[in-house]
Amino acid sequence: MKLVFPHGEHPQVLLSHGVNRIGRSADGAVVLAVEGILDHHCEIHVTGTGANLQVPANGGEVSVNGKPVQDIMALRAGDTLGIGPVQARFNVVEAARSAPSSAGAAAAGEEEDTGATRVRMAVPKFVLRGVSGAVFGKVFPVQGPVVIGRAAEADIAVAADEISRRHALVKPTQDGLSVEDLGSSNGTYINGKRVQQGFLKPGDELRLDAVRFILVAPGMEMAQQATRLTQPSEPAAPAAAGGISKWVPIMLTAAAILVIVALFLSRG
């Protein structure tokens with residue numbers, strides 16, 4: 001992902017995973033020494049699922065495709081950003097594929113080994129799993145600030161009339177998700193309790209009116225499974241149970257012998 005500045009205020013910038021601060025400050029990812037730009041004007045959060053433009057407290061004027069951004073908005077390839085007086089375009093860069101080394105390799109579906117290390121996609125720390133309504137059976141990785149709402153530009157767009165266009169904002173923390181209601185009409189609930197701001201732990205339910213999600217932590221689940229695999233097996237059953245199980249094969253063998261004897265006598 002990158003920012004391109006068509007009027008030359010800054011060379012194009014490749015955005016890194018995480019927070020990319022934009023402003024006059026020299027420690028930002030994009031430094032715009034232009035009149036009308038604040039030290040910390042805005043920031044772009046890049047996650048494994050996309051990118052969000054966020055305006056921090058005391059940030060500057062920002063727009064996406066001519067629409068002012070008050071808090072946070074998801075970015076799409078080709079969006080035009082107005083950062084104060086500066087215009088920029090948000091582009092998505094796709095990694096180029098290497099061509100097969102020969103026709104035979106192409107026919108076999110093989111790819112040329114360029115020697116580059118392939119990057120393994122990281123498992124998201126938290127996932128919202130839909131358990132009702134329009135989101136039932138769907139999963140939504142949360143690797144950065146995420147807006148849930150009815151609007152098409154929401155990070156998690158829910159096609160349900162009871163959901164506000166920008167219903168709630170969730171942000172990952174070390175132990176779960178912070179939740180903020182964005183002035184919705186029908187409310188945001190955690191485990192049945194309506195909240196303006198709250199905290200969602202793995203296993204908790206997030207409900208936006210009638211639409212419900214469960215927070216799961218794939219990394220934690222895998223760690224728990226690994227722990228169970230390394231734990232010693234359960235102790236043997238009590239002696240009484242063991243005594244009964246010992247007689248079962250003996251009784252079955254005796255029954256089989258009786259059947260054979262009966263068949264032999266019937267032939268005689």
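**Gln54 and the second largest pocket**

In this predicted model, the side chains of Gln54 and His45 are joined by a polar contact of 3.0 Å. Gln54 has its place in strand 6, and strand 6, which spans 50-54, is among the elements that each supply at least two residues of the lining of the second largest pocket. The points below take up the residue, and then the pocket.

**Surroundings of Gln54**

- Is Gln54 buried or exposed? With a relative accessibility of 8%, Gln54 counts as buried, because the value falls under 20%, the limit below which a residue is called buried.
- Leaving aside residues up to four places away in sequence, Gln54 touches Cys42, Glu43, His45, Asp71, Ile72, Pro145 and Lys171.

**The second largest pocket**

- The space in the second largest pocket comes to about 220 Å³, and of the 17 residues that line this pocket, those closest to its centre are Thr49, Gly50, Ala51, Arg76 and Asp155.
- Sorted by class, the lining of the second largest pocket consists of 11 nonpolar, 4 polar and 2 charged residues.

**Elements and domains around the pocket**

- Strand 6 (50-54), strand 9 (72-75) and strand 13 (139-142) each contribute at least two residues to the lining of the second largest pocket, with strand 6 giving the largest share, 3 residues.
- Where does the second largest pocket lie with respect to domain 1 (2-91) and domain 2 (127-218)? The second largest pocket lies between them, because both domains give residues to its lining.

Methods: Residues numbered from 1 in each chain as written. Predicted model: local features only at pLDDT ≥ 70, side-chain atom pairs only at ≥ 80, totals over all residues. Heavy atoms only, no water. 1 Å grid on protein atoms, 1.4 Å probe; cavity = no way out; pocket = protein on both sides within 12 Å on 5 of 7 lines; lining within 4 Å. Points joined across faces, edges and corners; volume = space filled by probe spheres on them. Helix = DSSP H or I, 4+ residues; strand = E, 2+ residues; numbered from the N terminus. Nonpolar A, V, L, I, M, F, W, Y, C, P; charged D, E, K, R; others polar. Domains from an automatic or database assignment. Buried < 20%, exposed > 50% of the residue type's maximum accessible area, 1.4 Å probe, protein only. Polar contact = N/O pair within 3.5 Å; in protein donor to acceptor, adjacent residues only side chain to side chain. Contact = heavy atoms within 4.5 Å.
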